[in-house]
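Open the model in your viewer and keep the sequence panel beside it, since the tour moves from one selection to the next.

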Amino acid sequence: MRITGYKSHGVAAAAALVNAVTSAGGDDSADALRRILRDNEFFWQEFEDADAAEFRDWGRTLRAFFEAARVEDAMTMLNRLMLEIPMHPHLADHEPHGLHMHYAPPSARLPHRFRATTLMNLAELIVEHGLGRTGVCAADGCDRVYADTSRAGRRRFCSESCANRTNVAAFRARRRT
């Protein structure tokens with residue numbers, strides 16, 4: 001599966017950013033944004049507090065991708081963004097990923113490199129799998145998004161706790177009847 005490994009970091013980072021910036025319980029502080037970058041193997045050391053506004057804007061922009069009900073809507077959005085965000089694909093070879101693609105030049109600022117990478121990785125995700133691996137959490141009252149990069153591709157919740165809470169509620173409802 002092509003979205004696992006290095007590419008899944010961009011997909012996971014996009015979902016984490018959207019949740020940090022747009023979800024009810026999200027934390028979009030500079031430290032939280034820095035953690036998202038570190039956890040997803042971006043060059044988090046280059047993050048400056050002044051970059052936080054650009055990351056927040058990108059998180060708000062990407063929310064519409066995860067909410068898209070039709071692949072045509074997601075395609076339209078991603079195609080528009082690919083025209084707006086200058087891309088300069090090139091090969092890179094560094095640890096821990098080995099040989100892979102970068103979508104912005106190394107001289108570009110971190111927010112631009114993050115936008116280009118997450119945009120291309122989300123585009124590759126829907127090319128391979130449509131929208132069946134992304135969405136808004138199916139748990140009642142949860143507004144967090146998810147992106148499933150697993151082999152099975154059956155995820156419908158943002159976390160195990162939301163899945164468990166929903167399953168327990170359904171079990172209890174069945175027992176009452």
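Begin by selecting Ser23, which in this predicted model is found in the loop between helix 1 (6–22) and helix 2 (30–39). Is Ser23 buried or exposed? Its relative accessibility is 9%, and because buried means under 20%, Ser23 counts as buried. To see what surrounds Ser23, display Val18, Arg63, Asp143 and Arg144, which are its contacts once the neighbours within four places in sequence are left aside.

Next, move to Glu41, in the loop between helix 2 and helix 3. The backbone deserves a look here, for the phi of Glu41 is near 60 degrees, a positive value in a residue other than glycine. Glu41 has a relative accessibility of 40% and therefore counts as partly exposed.

Now select helix 3 (residues 52–67) together with helix 4, the latter spanning residues 71–84. The axes of helix 3 and helix 4 come within 9 Å and cross at roughly 150 degrees, so helix 3 is roughly antiparallel to helix 4. Show side chains on both: from helix 3, Trp58, Thr61, Leu62, Ala64 and Phe65 meet Ala74, Met77, Leu78 and Leu81 of helix 4. Coloured by class, the residues of this contact divide into eight nonpolar, one polar and no charged.

Keep helix 4 on display and add helix 5 (residues 110–129), which packs against helix 4 at an angle of about 150 degrees, with the axes 11 Å apart. Helix 4 is therefore roughly antiparallel to helix 5, and the crossing by which helix 4 passes helix 5 is left-handed. Which residues make the contact between these two helices? On the side of helix 4 they are Val71, Ala74, Met75, Leu78, Leu81 and Met82, and on the side of helix 5 they are Leu119, Met120, Leu122, Ala123 and Ile126. By class, this contact has eleven nonpolar residues, with no polar and no charged ones.

Finally, hide helix 4 and follow helix 5 along its length. Helix 5 has 20 residues and reaches 28 Å from its first C-alpha to its last, which is close to the 28 Å expected at 1.5 Å a residue. Restore the rest of the model to see that helix 5 is mostly covered, with 17 of its 20 residues buried. The last stop is Gly130, just after helix 5, where phi takes a positive value of about 65 degrees.

Note on methods. Residues numbered from 1 in each chain as written. Predicted model: local features only at pLDDT ≥ 70, side-chain atom pairs only at ≥ 80, totals over all residues. Heavy atoms only, no water. Axes fitted to C-alpha atoms, helices over the stretch in contact; angles between N-to-C directions. Helix = DSSP H or I, 4+ residues; strand = E, 2+ residues; numbered from the N terminus. Parallel < 35°, antiparallel > 145°, perpendicular 65-115°, else oblique. Left-handed = near helix turned anticlockwise from the far one by under 90°. Contact = heavy atoms within 4.5 Å. Nonpolar A, V, L, I, M, F, W, Y, C, P; charged D, E, K, R; others polar. Expected span 1.5 Å × (residues − 1). Buried < 20%, exposed > 50% of the residue type's maximum accessible area, 1.4 Å probe, protein only.
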